[in-house]
Structures are given as structure tokens and as C-alpha cells.
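Student: I'm new to this one. Could you walk me through it and show me the reasoning behind the labels?

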Amino acid sequence: MYLVLDLDSEVPIYQQIRDRVVEAIAEGALAPGAGLPSTRQLAVDLAINFHTVNKAYDLLRREGIIRINRKSGAAVRSDVKQPSDELRAGVDWEARMRTLLAELDVRGIPRQEVTRHVDTVLDGFPGRPDEMS
């Protein structure tokens, strides 16, 4: 798995790892059921502390995106792209989206431009349900 992190970013490294994994799943680079590197291996590959990777994986697990098994390691959940009210309830995506939209509003980005970008990004994700495109 190839991840690009910005070590100088204000975004914590564990959050960047989480975000890159989610993006890789959405873009089809990581398929449902695909295995992830061990925390130690990814830490070595990225030259960061393995606790940072562990924190990212734990966040992904709590969000219902990956499963972690002591013997088989971490993997993308096979049902990751299936709608689930249980998983939706535990995700703060609406709050995160609200903050991002507020930032765009403060910067004066027109609504039509935001909508166009959202549609373009969603259209770039393979396998989107028809009602979402």
C-alpha cells in the first residue's frame, strides 16, 4: 500500500493515514476484503512510530471501515461499501462536512462551484450506487 503523508501538515499523521486509506477504498485501490500492512510494517515503510499507525487503524476499526484480527491482521471490511444505519450512527461525517462547507463559505466559494466539485469527486469513485451519482 502506497500512502503519501505530509509530515509538516497541521493534520495529525494518524488522521492522514486514516484519510488516505478511506480514499484508497473509495477510489478502488483497496478493495473490500483487501489486507492492510501490519502496523509495524507500515510504520517502517513510512518511517514513523508504530503507535501512530496503530491509532489510525483503531480509528478505522471503530468507524467500521476495517476489521482487525490478531492472527490475520487488518483488512478492509468485506461489507465496507454497504449502507448501514448502525455504522452511520457512529460516524461524524456530517459534522466534518459542515466544517468543510463553512470554510468554503467563509472563503467565498460559490455554492455552484462546491456542488460541481462534490459531483466530480463522487463521480470519480468507481462502483457508486445510481442514487448517489
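Student: How many helices and strands does the protein chain have?

Tutor: Keep in mind that this is a predicted model. The protein chain has six helices and two strands. Starting at the N terminus, the order is α-α-α-β-β-α-α-α. The C-alpha trace spans about 50 × 35 × 25 Å along its principal axes.

Student: Why are α2 and α3 called oblique to each other?

Tutor: Look at the angle: helix α2 (residues 39–46) and helix α3 (residues 50–62) pack at about 120°, and their axes are 8 Å apart. Roughly perpendicular covers 65 to 115 degrees, and roughly antiparallel needs over 145. The value of about 120° fits neither range, so α2 and α3 count as oblique. As for handedness, α2 passes α3 in a right-handed crossing.

Student: Which residues of α2 and α3 meet?

Tutor: From α2 come T39, R40, L42 and A43, and they meet F50, V53, N54 and Y57 of α3. By class, that contact has five nonpolar residues, two polar and one charged.

Student: What makes α1 oblique to α3?

Tutor: Helix α1 (residues 13–27) packs against α3 at an angle of about 50°, with the axes 8 Å apart. Roughly parallel means under 35 degrees and roughly perpendicular starts at 65, so an angle of about 50° makes α1 oblique to α3. The crossing of α1 and α3 is right-handed.

Student: Which residues make the contact of α1 with α3?

Tutor: On the α1 side you'll find I13, Y14, Q15, I17, R18, V21 and V22; on the α3 side, T52, V53, K55, A56, L59 and L60. They divide into nine nonpolar, two polar and two charged residues.

Student: How do you know that R40 lies over the face of F50?

Tutor: The charge has to be within 6 Å of the ring centre and within 35 degrees of the ring normal. R40 is 4.0 Å from the ring centre of F50 and lies over its face. Likewise, K55 lies over the face of Y14, at 4.3 Å from the ring centre.

Student: And how many aromatic pairs does the structure hold?

Tutor: Zero. To pair, rings need their centres within 6.5 Å.

How values were computed:
Residues are numbered from 1 along each chain as its sequence is written. This is a predicted model: local features need pLDDT of at least 70, side-chain atom pairs count only at pLDDT 80 or more; totals for chains, interfaces and linings use all residues. Side-chain values use heavy atoms; hydrogens and water are left out. Axes are lines fitted to C-alpha atoms, for helices over the stretch in contact, and angles run from 0 to 180 degrees between N-to-C directions. Helices (H or I, at least four residues) and strands (E, at least two) are DSSP runs, numbered from the N terminus. A crossing is left-handed if the near helix is turned anticlockwise from the far one by less than a right angle, and right-handed if clockwise. Contact means heavy atoms within 4.5 Å. Ala, Val, Leu, Ile, Met, Phe, Trp, Tyr, Cys and Pro count as nonpolar, Asp, Glu, Lys and Arg as charged, and the others, Gly among them, as polar. Rings of Phe, Tyr and Trp (its six-membered ring) pair if their centres lie within 6.5 Å; planes under 30 degrees apart count as stacked, over 60 as edge-to-face and the rest as tilted.
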